[in-house]
Amino acid sequence: MMKNLLVTGGCGFIGVNFIRQLLEETPDFTGRIINVDVLTYAGNPLSLADLEARFPDRYVFIKADIGDRAAMAAALDAYRVDAVCHFAAESHVDRSIVRPDAFIQTNIVGTHVLLELFRARREKIRRFHHISTDEVFGSLGPSGAFTEETPYAPNSPYSASKAASDHLVRAYHATYGLPVTISNCSNNYGPYQFPEKLISLMILNALEGKPLPMYGDGLNVRDWLYVGDHARAIWTILARGVEGRTYNVGGRTELPNLEVVRMIADQLDQLAGPLPGGRPRRELITFVKDRPGHDRRYAIDCTRIERELGWRPRESFATGLNRTIRWYLDHREWVEQVRSGEYQQWIREHYG
Ligand code: NAD
Ligand code: TYD
């Protein structure tokens with residue numbers, strides 16, 4: 001059983017949920033977490049600020065770039081790391097279309113730096129789990145779902161950079177026999193998501209009576225998974241996944257964007273009351289220019305992880321969405337921090 005788990009990108013959306021779940025709700029995990037994050041706009045250390053005091057022997061935070069070979073080597077050695085869970089990435093498709101450079105640097109070069117350090121410590125590091133996306137498989141027509149055998153066909157700079165990193169991880173297993181696992185997951189939603197992705201953005205815009213921008217005809221389909229279910233899948237793979245294997249993770253919850261946004265608008269009308277003048281929030285939906293290269297449909301066949309590792313999503317979309325909306329209503333302070341970049345000042349004061 002792993003004693004010192006290095007998590008990269010642990011101050012981002014999925015990393016925060018994963019680290020909290022491991023320390024707060026996973027009795028099988030008794031080790032220490034070393035969270036390495038460079039704190040881009042998407043990483044907020046305040047999301048985990050309570051953990052250093054609550055788990056002084058089990059949680060450590062290091063501000064470092066995964067592309068910084070010396071800093072990463074020092075972290076791996078100083079904390080006697082025996083397993084790695086690699087989340088750190090640039091993660092937003094729209095940003096990758098405007099400025100792909102950081103995606104190439106972090107997602108491809110950064111992953112390669114970690115793999116090289118891993119190769120030099122192969123006797124010490126027993127597992128490297130790489131977190132990836134279903135977007136590497138490209139776009140589906142109206143039927144079918146991605147399996148682990150679906151050929152890669154990424155369409156955005158984001159998905160192309162993730163595909164490249166997946167190939168490197170796979171190649172380090174095939175070439176050097178390193179003990180890796182990979183997971184390709186569908187769209188996540190839940191607490192602590194930076195408000196630029198569909199669900200988090202729409203919740204806040206709808207709450208504030210701002211327009212809800214629907215790309216194209218609003219009929220692009222995504223397969224939604226509650227972030228806590230994804231975190232549990234990652235822990236399941238780390239604990240019991242087979243070396244060299246890839247696992248698809250998904251929610252079997254395919255929905256067109258328009259339907260998702262209507263559900264958010266309706267739930268907010270109920271939870272927060274209608275807008276001034278009694279206007280229903282659905283009226284905020286505004287069709288805008290489509291995203292270039294916009295993938296039409298994603299759907300994941302997650303039979304392998306269900307059959308081989310016994311993982312299943314627990315949250316339905318209705319309950320998961322309700323929890324998520326309530327979380328954003330109850331955490332306005334967190335929202336203001338990440339929107340204003342206010343925590344950047346805190347980072348400068350604490351980490352220089
Ligand atoms: P996020 O953008 O919320 O967080 C990314 C984190 O990585 C941030 O804390 C950021 O500061 C950190 N980071 C970025 N560059 C770094 C670098 N060079 N060195 C160290 N840290 C760095 O992303 P997320 O939504 O939590 O996604 C995490 C992982 O899961 C990514 O690899 C992403 O591709 C994958 N994924 C995400 C989804 C989704 O729906 N969000 C779905 C499938 C897979
Ligand atoms: P997003 O959350 O960016 O995830 P991804 O592109 O990685 O799937 O977008 C989810 C879907 O929602 C995608 O089809 C694009 C669409 N979308 C909008 O229609 N409006 C928006 O403002 C955003 C951010 C996304």
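The following paragraphs describe a central strand of this structure and then the surroundings of its two ligands.

The model is predicted, so that local features need pLDDT of at least 70 and side-chain atom pairs count only at pLDDT 80 or more, while totals for chains, interfaces and linings use all residues. Residues are numbered from 1 along each chain as its sequence is written, chains are lettered from A and ligands numbered from 1 in the order in which they are written, and side-chain values use heavy atoms, without hydrogens and water.Strand β2 (residues 32–37) offers a starting point; helices (H or I, at least four residues) and strands (E, at least two) are DSSP runs, numbered from the N terminus. Because six of its six residues are buried, β2 is largely enclosed by the rest of the structure. Here, buried means under 20% relative accessible area, exposed over 50%, and partly exposed in between, with a 1.4 Å probe and protein chains only. In a regular strand the side chains alternate between the two faces of the sheet. In β2 both faces are covered, with R32, I34 and V36 buried on one side and I33, N35 and D37 buried on the other.

Two strands pair if DSSP finds at least two bridges between them. Strand β1 (residues 4–8) runs parallel to β2 and is joined to it by five bridges, and N4 has R32 as its bridge partner in β2. Five bridges also link β2 to strand β3 (residues 59–63), again in the parallel sense; there, I34 stands opposite V60. Together with helix α1 (residues 13–25), β1 and β2 form a right-handed β-α-β unit: with the strands pointing away from the viewer, the path from the first strand over the helix to the second runs clockwise.

D37 of β2 also leads to ligand 1, as one of the closest of the 28 residues that surround this ligand; a residue counts as near if one of its heavy atoms lies within 4 Å. Among the elements supplying at least two residues each to this shell are α1, β5 (127–133) and α6 (157–176), and β5 gives the most, with three. Backbone atoms make polar contacts here (pairs of N or O atoms within 3.5 Å). A backbone N or O atom of G12 lies 2.9 Å from an oxygen atom of ligand 1, and one of T40 lies 3.0 Å from an oxygen atom of the ligand. The protein covers 97% of the 830 Å² of accessible area that ligand 1 has on its own, by the Shrake-Rupley method with a 1.4 Å probe.

Ligand 2 is surrounded by 18 residues, with E135, P213, R222, R291 and H294 the closest. Side-chain atoms take part in its contacts: an N or O atom of R291 is 2.5 Å from an oxygen atom of ligand 2, and a polar atom of H294 lies 2.6 Å from an oxygen atom of the ligand. Of the 510 Å² of accessible area that ligand 2 has on its own, the protein covers 97%.

Notes. Polar contact = N/O pair within 3.5 Å; in protein donor to acceptor, adjacent residues only side chain to side chain.
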